[in-house]
Amino acid sequence: INMQQPYFEQFLIERARALQAEGAPIQIRGKNRVESVEVRDDHVVMNIMTPDGPYTLEADWLVGCDGANSPLRGMLGLDFSGRVFQDSFLIADIKMTNTSFPTERWFWFDPPFKSGSSTLLHKQPDDVWRIDFQIGWDVDRKEEMKEENIRTRLDAMLGPDVSYELVWSSIYTVQCKRMETFRVGPVLFAGDSAHQVSPFGARGANSGMQDADNLGWKMGLVIKGKAPDTLLDTYNSERVFGAEENILNSTRSTDFITPKSDTSRLFR
């Protein structure tokens, strides 16, 4: 049903290192932090800090894939506008084998076990199950994140006969946002740095992969001199369209899941 981010990142790193071994011009620079970026007409200049000191790097192109809080976006003073839903969700990843739950995505709009206003369940690799509890906006996050309180919710849902191991937990707020444009001269943005959607519908990492699929071959042609750099403008127009569609459907899903009025609750 879905694969955890650490697996995906591991596979990417393994593939990059395999390409390195074949002579591909790939460098993986750990503990390198971009401190500032200057955008010139046809290239960028980055000041980078490392544990061994700073250095300057010039590049024809820069692709920002630095997440929803994108430091690069902030350095360039670019906007990231949209909607924040006033609700909180508690994620609990648990490992369990003695369960009768099928490998399906389940949703309780009014759960009988009362562990949250609504609850989502789906399976992940290696017998790990992800459970999302809708816990409301005005909550004490520090209190909710205590293991005993998380287990109280899980025990009420799973019952006394199910044993499990708590693997990971977090609290998140649903946001649907995007940049106005994904290209600023030689700087392009992809993934969560360019757009952010609610997790309902699994459109986040998937849309980031679609960004990379769209941008990769186009940038390859431009770098090889086989296409003008205006080809990259189509990355912006096509992926902005994709982000808009994802945000529309994600927002509709979130409005449905988290009604904020008697009318919308009745409609659900």
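How many of the seven residues of strand E2 are buried? Keep that question in mind while you get your bearings; the tour reaches strand E2 at its second stop.

**Stop 1: the whole molecule**

Start with everything shown as a cartoon. What you have open is a predicted model. Its C-alpha trace spans about 60 × 45 × 35 Å along the principal axes. Colour by secondary structure and you can pick out seven helices and 12 strands. Of the 268 residues, 40% count as buried.

Now switch on the surface. The protein exposes about 15300 Å², and carbon and sulfur atoms supply 51% of that area. Colour the charged side chains next: there are 30 positive and 39 negative ones, and the centres of the two sets lie 1 Å apart. As for contacts between residues with a separation of 6 or more, 63% of them involve residues 24 or more positions apart.

**Stop 2: strands E1, E2 and E3**

Hide the surface and select residues 44–50, which make up strand E2. Here is the reply to the opening question: five of its seven residues are buried, so strand E2 is largely enclosed by the rest of the structure.

Add residues 33–39, strand E1, to the selection. Strands E1 and E2 pair in the antiparallel sense over six bridges, and a hairpin of four residues joins them. To see one pairing up close, show Val37 and Met46: Val37 stands opposite Met46 in E2.

Then add residues 53–59, strand E3. Seven bridges join E2 to E3, and these two strands also run antiparallel. The hairpin between E2 and E3 has two residues between the strands. Here the pair to show is Ile48 and Tyr55, with Tyr55 in E3 as the bridge partner of Ile48.

As you look along these strands, one general point may help: strands of a sheet pair through backbone hydrogen bonds, either parallel or antiparallel.

**Stop 3: an open sheet of three strands**

Which order do the strands of the open sheet follow? Select strands E4, E11 and E10, and you will find them in the order E4-E11-E10, with mixed pairing. Strand E4 (62–64) and strand E10 (183–184) stand at the edges with a single partner strand each, so one side of each has no neighbour in the sheet.

Zoom in on E4 and strand E11, residues 187–189: three bridges join them, and they run parallel. Show Val63 to see where it stands opposite Leu188 in E11.

**Stop 4: a tour of salt bridges**

Side chains of opposite charge can pair when their charged atoms come close. In this model the count comes to 14 salt bridges, and three of them make good places to pause.

Begin with Arg33 and Glu35, whose closest N and O atoms are 2.8 Å apart. Arg33 counts as partly exposed because its relative accessibility is 48%, and Glu35 is also partly exposed, at 40%.

Next select Asp229 and Arg183, whose side chains meet in a salt bridge (3.8 Å, N to O). This pair links distant parts of the chain, 46 residues apart: Asp229 sits in the loop between helix H5 (204–223) and helix H6 (231–257), while Arg183 belongs to strand E10. Are the two partners buried or exposed? Asp229 is partly exposed, with a relative accessible area of 38%, whereas Arg183 is buried, at 15%.

Finish with Glu238 and Lys218, which meet in a salt bridge of 2.8 Å, N to O. This pair connects helix H6, where Glu238 lies, with helix H5, where Lys218 lies, 20 residues apart. Glu238 is partly exposed at 40% relative accessibility, while Lys218 is buried at 2%. Before you move on, select Arg183, Asp229 and Asp233 together: salt bridges that share partners join them into one network.

**Stop 5: Thr119 and its neighbours**

For the last stop, centre the view on Thr119 in strand E7, residues 119–124. Thr119 is buried, with a relative accessible area of 1%. What does Thr119 touch, leaving out residues up to four places away in sequence? Show the side chains around it and you will find Trp106, Phe107, Trp108, Pro111, Phe113, Ile131, Asp132, Phe133 and Met157.

Conventions
Residues numbered from 1 in each chain as written. Predicted model: local features only at pLDDT ≥ 70, side-chain atom pairs only at ≥ 80, totals over all residues. Heavy atoms only, no water. Pairing = 2+ DSSP bridges. Salt bridge = Lys/Arg side-chain N within 4 Å of Asp/Glu carboxyl O. Buried < 20%, exposed > 50% of the residue type's maximum accessible area, 1.4 Å probe, protein only. Contact = heavy atoms within 4.5 Å. Areas by Shrake-Rupley, 256 points an atom, 1.4 Å probe, with all protein chains shown as cover. Lys, Arg positive; Asp, Glu negative; His and termini not counted. Charge placed at Lys NZ, Arg CZ, Asp CG, Glu CD.
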